[in-house]
Amino acid sequence: MESANIGKDPSDLLEEDMVGVEFKSVEEAESFYHIYSKIIGFSVRKNQCRKNQAGIVTTRSWCCSNEGFRRTKYIKNPNRVREPRSEIRIGCCAMFRVCYSKITKLWVVKEFRANHNHCMATDMQKHFLRSHRKISAAELEQAKLLKEAGMKTSEIWNLFVHQNGGWDKVGCTKKDLYNSLAAGRRGVDDLDANTTLTFLQSKLDIDPEFFYAYMVDEESRLTHLFWADGASRFDYELFGDSLAFDSTYKTNRCQMPLVVLVGSNNHGMTCVFGFALIQNETAETYTWVLQKFLECMKDKLPETILTDGCRSMNKAIEDLMPSVVHRTCSWHILNNAIKHVHEEGFVGELRNLIKRYYSVDEFDLRWNKMLLDYNAENNEWAKALYSSRHQWADTHLRGSYFGGSTATNRCESMNAFLKRFLDEKLPLWRALQHCEHGLAALRYGELGKHAADKLSTPVLKRTSMSEIEEQFASIYTRNMFLEVRNQITRSEKYNVIRHHKLKASDICTIEKYLSKDHPKRKVTFKRIEREMSCDCYWLETKGIPCRHVFAAMKHLHLSDIPRNIIKNRWLKECKDIYLSSPDAQRRFVNPDMISSKRYGGINSQANLFLYYCKKSPKVQQRGMELMSTLLVEMQKMVEDVGEEEKTINGAVHEVHDGIKEPHPVATKGRPPQSKSSQQNSSQKSAKARICRVCKKSGHDYRNCKVRKRKCEESMEEDDDDFESLFRLIILFEIHVLHKFSIKNFPGTMFV
């Protein structure tokens with residue numbers, strides 16, 4: 001604006017003051033009018049743009065946002081569902097027009113109207129004006145990075161408010177932030193299935209053991225997806241003796257249920273063996289999931305499997321894993337009992353039959369007595385439950401290890417944990433990325449447990465078997481040692497009432513002190529093999545030795561742990577922590593993902609710079625000088641750099657073209673919609689979407705390819721100019737705010 005020489009206060013400018021003023025470019029003129037409108041307190045929008053025969057702009061005008069009137073068809077529409085927006089167009093005549101002069105090669109002001117027919121915004125209202133709301137490129141990159149980390153948009157907005165010192169200093173509204181993030185994802189989300197598969201394919205570059213498989217229907221729409229990384233496959237190799245899986249809902253915008261296959265590691269913590277996204281919950285679907293799971297795990301079958309009793313799951317397990325011991329979740333059984341047997345006390349009796357170990361004859365007697373007591377002899381649900389007792393009664397399942405649980409609580413807790421990172425509005429590729437973040441957080445907790453076991457030792461209670469306690473503390477992880485020590489402590493209440501010494505073994509009969517009704521247990525110790533077993537099968541069921549074994553060891557004066565009661569899965573050294581390099585750059589095809597990673601790399605240094613700048617005014621002034629010099633240098637470097645390469649390190653990825661996004665399907669486990677939401681969805685589906693640009697159905701103007709092609713052709717040369725203009729405005733406002741007071745601003749900056 002060096003050509004402009006204005007010696008008045010902006011609020012006093014008249015037409016004769018502005019007509020004839022020259023600007024070097026149309027961008028400079030636009031910048032002037034935007035800054036002028038912000039000082040006065042009104043919003044600006046572009047009005048007319050005239051071009052010559054060569055397509056070059058010769059005239060450009062801007063007007064007040066209150067110019068003109070809204071068309072009546074938008075107000076008097078009888079089919080309108082939503083309330084119309086508040087009226088702002090009230091016929092304001094304020095405007096600013098410049099024309100290009102071929103003689104001077106400058107842009108000359110031809111018309112300037114300063115009078116408005118409405119009130120101006122106050123200082124506390126100016127940041128709500130539409131033309132003065134803009135999220136900076138730096139803050140948008142920071143928002144994208146925080147979004148990838150799992151933060152909600154509302155939380156990101158609160159962070160920006162805190163960073164900038166108030167809502168009015170952010171530069172945009174919360175809605176603007178939502179729209180900017182949505183606009184940045186729109187191009188990727190429109191090709192959600194292809195982006196998802198490309199994301200999975202790129203994982204092979206940093207994890208050769210990564211596995212994924214997918215299935216499409218006859219319309220080339222993605223229906224099922226399974227994936228597992230190298231760490232999950234390694235965990236299954238060590239801890240795959242027990243498997244549990246369940247599905248959870250409302251994790252992505254396609255309404256595909258998320259299936260999580262989990263187990264327990266040497267700390268007794270949950271470990272994930274794989275994920276799957278499925279379109280429906282039929283037996284064929286679960287068969288496909290288990291087939292791909294076994295293919296991923298090199299056909300290694302688990303010893304046991306725990307599910308919620310879904311018939312589709314049961315059918316798939318019977319077909320693919322007939323030899324695997326299958327258990328139904330006790331919580332689901334008890335919950336169904338409340339619905340089918342309306343007798344108080346029935347659920348408590350059934351719980352005892354599920355979780356306590358009886359002989360087969362005693363179990364049948366107690367079952368028949370329970371039915372008689374609660375008038376359930378002819379209950380069809382009870383009859384069906386009894387026929388499947390081999391899948392839920394501890395009497396029939398004792399001796400099989402299910403990860404120390406009788407319910408799918410491990411799956412439910414894992415689902416709840418993942419819900420911190422997932423929601424039903426996420427596209428598929430983003431849902432996969434957030435699953436990865438949740439899995440990384442889970443493994444970080446495991447790494448902390450491993451470090452604690454390596455660097456510290458648990459405090460011993462010095463029980464009556466202190467030597468045995470010390471041995472377990474030295475070889476078992478802390479969590480499992482505490483479980484074992486609990487059994488040692490409880491063994492003090494048990495006595496050996498009978499000891500049979502045979503040729504190669506000892507048989508001890510164990511009884512609980514002052515508890516005649518408590519069942520007696522027999523513990524057998526083989527002296528040659530140095531093995532010990534109990535007829536309560538606690539070791540085989542829970543994975544740790546029972547209190548009866550420790551009572552027998554104390555009676556036999558054993559100072560060493562029998563070899564068979566030491567389980568390798570609980571050892572501290574049972575696995576080397578499987579971790580990839582924490583600073584390894586993830587390779588994605590999407591350039592926006594790549595740029596966000598670069599942004600994150602320098603973000604910590606930038607935060608440190610800001611920390612020092614706020615210490616004193618002198619440091620802040622020096623920091624501003626350095627930053628201004630650095631910005632000019634970096635701007636020149638960016639302009640000199642050519643188009644960024646699309647691939648990283650020469651990696652070539654498989655291209656998944658033509659695979660479409662799956663149809664949303666309401667699954668049986670998804671919570672039902674309310675009547676109002678069902679009515680709204682039916683109204684939306686009844687009205688076909690028609691594009692106002694190409695007049696075709698199936699999309700709107702935002703996704704119209706014709707409009708995008710026209711915009712690319714007309715605005716190709718204006719992209720670089722926009723960035724330089726934006727920086728010009730920012731630098732101008734910085735000088736205004738930091739070098740001049742508001743009082744002296746008009747007389748100084750406009751001279």
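Trainee: Which residue forms a salt bridge with R113?

Mentor: Keep in mind that this is a predicted model. A salt bridge needs a side-chain nitrogen of Lys or Arg within 4 Å of a carboxyl oxygen of Asp or Glu. For R113, the closest N and O atoms of the pair are 2.6 Å apart. The partner is E111.

Trainee: Is E111 buried or exposed?

Mentor: Buried means under 20% relative accessible area. E111 has a relative accessible area of 15%, so the word for E111 is buried.

Trainee: And how does R113 count?

Mentor: The label "partly exposed" sits between the 20% and 50% cut-offs. R113 has 39% relative accessibility, so R113 counts as partly exposed.

Trainee: What about R398, which residue does it form a salt bridge with?

Mentor: The closest N and O atoms here are 2.6 Å apart. Both R398 and its partner are buried. That partner is D394.

Trainee: Which residues do salt bridges that share partners join into one network?

Mentor: We've already met the bridge between R113 and E111. Shared partners bring R97 in as well. The network is R97, E111 and R113.

Trainee: Where do K292 and E295 lie?

Mentor: These two form a salt bridge, with the closest N and O atoms 3.4 Å apart. They are 3 residues apart, about one turn of the helix. In an α-helix, residues three or four places apart point the same way, because there are 3.6 residues a turn. Both lie in helix 8 (residues 283–296).

Trainee: How many salt bridges does a search of the whole structure find?

Mentor: We've looked at some of them, including R398 with D394 and K292 with E295. The search of the whole structure finds 23.

Trainee: Let's try helix 2. What should its 15 residues span?

Mentor: Helix 2 covers residues 26–40, and we count 1.5 Å a residue. The expected span uses one less than the number of residues. The end C-alpha atoms are 21 Å apart, which agrees with the expected value of 21 Å.

Trainee: How many residues of helix 2 are buried?

Mentor: Take V26, which lies in helix 2. V26 has a relative accessible area of 18%, so V26 is buried. Others on the buried list include F32, Y33 and I40. Helix 2 is mostly covered, and the count is 12 of its 15 residues.

Trainee: What separates the C-alpha atoms of V26 and Y100?

Mentor: Along the chain, these two are 74 residues apart. In space, their C-alpha atoms are separated by 8.5 Å.

Trainee: What phi does S220 take?

Mentor: Most residues other than glycine have a negative phi. S220 is found in the loop between strand 6 (211–216) and strand 7 (222–228). It is not a glycine, yet its phi is positive, about 60°.

Trainee: H557 has a positive phi too, so where does it lie?

Mentor: The phi of H557 is about 55°, although H557 is not a glycine. At 70% relative accessibility, H557 counts as exposed. H557 lies in the loop between helix 20 (547–555) and helix 21 (591–613).

Trainee: Last one: which residues form the nonpolar patch on the surface?

Mentor: One member, M627, has its place in helix 22 (residues 617–640). At 31% relative accessibility, M627 counts as partly exposed. Together the patch has about 330 Å² of accessible area, and its residues are M627, L630, L631 and M634.

Key
Residues numbered from 1 in each chain as written. Predicted model: local features only at pLDDT ≥ 70, side-chain atom pairs only at ≥ 80, totals over all residues. Heavy atoms only, no water. Helix = DSSP H or I, 4+ residues; strand = E, 2+ residues; numbered from the N terminus. Buried < 20%, exposed > 50% of the residue type's maximum accessible area, 1.4 Å probe, protein only. Patch = residues over 30% accessible without salt bridge, like charges linked within 9 Å, V, L, I, M, F, W, Y side chains within 5 Å. Areas by Shrake-Rupley, 256 points an atom, 1.4 Å probe, with all protein chains shown as cover.
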